[in-house]
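Let's work through this structure together, one "how do you know?" at a time. Have the sequence and the 3D view open as you read.

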Amino acid sequence: MNDEQSFDVSPRDIAILKARVDNPTSSTRELSQILEEEYGISLSHNRINEILRTMSEEETFREMILPNREIFRHYLFRVSALSS
């Protein structure tokens, strides 16, 4: 996306993104239920997947992987224990 382009995101798509952010490990089937219950949006899990894929391709959002910090603490402990 270049600087001249602007985002044109519908309220429905914002609700989908919010549901995804609030429930990052939920399947699209679960997101479908969440959207119905919390926002009154009725979409199939396939349609939600299409919308998320399209928004990702258009760079409306970027996916980020956040590592589990406990894994790093575990290995730091092991390294420090081995070097003592």
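Q: What makes Glu59 partly exposed?
A: Glu59 has a relative accessibility of 35%. Partly exposed covers the range between under 20%, which is buried, and over 50%, which is exposed. The 35% of Glu59 falls in that range, so Glu59 counts as partly exposed. Keep in mind that this is a predicted model.

Q: Where is Glu59 found, and what is its phi?
A: Glu59 is found in the loop between H3 and helix H4 (69-83), just after H3. Its phi is near 60°, a positive value in a residue other than glycine.

Q: How many helices and strands does the protein chain have?
A: The secondary structure comes to four helices and zero strands. Read along the sequence, that gives the pattern α-α-α-α.

Q: How do you know that the span of H3 agrees with that of a helix?
A: Helix H3 runs over residues 45-57, which is 13 residues. At 1.5 Å a residue it should span 18 Å, and its end C-alpha atoms are 18 Å apart, so the two values agree.

Q: What does the same check give for H1?
A: H1 has 12 residues, and the expected span at 1.5 Å a residue is 16 Å. From its first C-alpha to its last, H1 reaches 16 Å, close to that expected value.

Q: Which residues of H3 are buried?
A: They are Ile48, Ile51, Leu52 and Met55.

Q: Why are these buried residues said to be on the same side of H3?
A: They cover an arc of only 95° around the axis, which puts them on the same side of H3. A general rule helps here: an α-helix has 3.6 residues a turn, so residues three or four places apart point the same way.

Q: What covers the buried residues of H3?
A: The cover includes helix H1 (11-22) and helix H2 (28-39).

Q: Which residues of H1 are buried, and what do they pack against?
A: In H1, the buried residues are Asp13, Ala15, Ile16, Leu17 and Ala19. They pack against H2 and H3.

Q: Why are H2 and H3 called roughly perpendicular?
A: The axes of H2 and H3 cross at roughly 100° and come within 8 Å. Angles of 65 to 115 degrees count as roughly perpendicular, and the crossing angle of H2 and H3 lies in that range, so the name fits.

Q: Which residues make the contact of H2 with H3?
A: On the H2 side they are Thr28, Arg29, Leu31, Ser32 and Leu35, and on the H3 side His45, Ile48, Asn49 and Leu52. By class, this contact has four nonpolar, four polar and one charged residues.

Q: What makes H1 roughly perpendicular to H3?
A: H1 and H3 pack at an angle of about 95°, with their axes 11 Å apart. That angle lies in the range of 65 to 115 degrees, so H1 is roughly perpendicular to H3.

Q: Which residues make the contact of H1 with H3?
A: H1 brings Arg12, Asp13, Ile16, Leu17 and Arg20, while H3 brings Arg47, Ile48, Ile51, Leu52 and Met55. These residues divide into six nonpolar, no polar and four charged.

Q: How do you know whether Ser32 is buried or exposed?
A: Ser32, found in helix H2, has a relative accessible area of 16%. Buried means under 20%, so Ser32 is buried.

Q: Which residues is Ser32 in contact with, leaving aside its neighbours within four places in sequence?
A: Ser32 is in contact with Ile41, Leu43, Ser44, His45 and Ile48.

Q: Why do Ser26 and Thr25 get opposite names, buried or exposed?
A: Ser26 is found in the loop between H1 and H2, and so is Thr25. Ser26 has a relative accessible area of 15%, under the 20% cut-off, so Ser26 is buried. Thr25 has 78% relative accessibility, over the 50% cut-off, so Thr25 counts as exposed.

Q: What do Ser26 and Thr25 touch, not counting residues up to four places away in sequence?
A: Ser26 touches Arg20, Leu31 and Ile34. Thr25 touches Arg20 and Glu30.

Q: What share of the protein chain counts as buried?
A: Of its 84 residues, 21% count as buried.

Definitions and conventions. Residues are numbered from 1 along each chain as its sequence is written. This is a predicted model: local features need pLDDT of at least 70, side-chain atom pairs count only at pLDDT 80 or more; totals for chains, interfaces and linings use all residues. Side-chain values use heavy atoms; hydrogens and water are left out. Helices (H or I, at least four residues) and strands (E, at least two) are DSSP runs, numbered from the N terminus. The expected span of a helix is 1.5 Å times one less than its number of residues. Buried means under 20% relative accessible area, exposed over 50%, partly exposed in between (1.4 Å probe, protein chains only). The arc is that of the directions from the helix axis to the C-beta atoms. Contact means heavy atoms within 4.5 Å. Axes are lines fitted to C-alpha atoms, for helices over the stretch in contact, and angles run from 0 to 180 degrees between N-to-C directions. Angles under 35 degrees count as roughly parallel, over 145 as roughly antiparallel, 65 to 115 as roughly perpendicular and the rest as oblique. Ala, Val, Leu, Ile, Met, Phe, Trp, Tyr, Cys and Pro count as nonpolar, Asp, Glu, Lys and Arg as charged, and the others, Gly among them, as polar.
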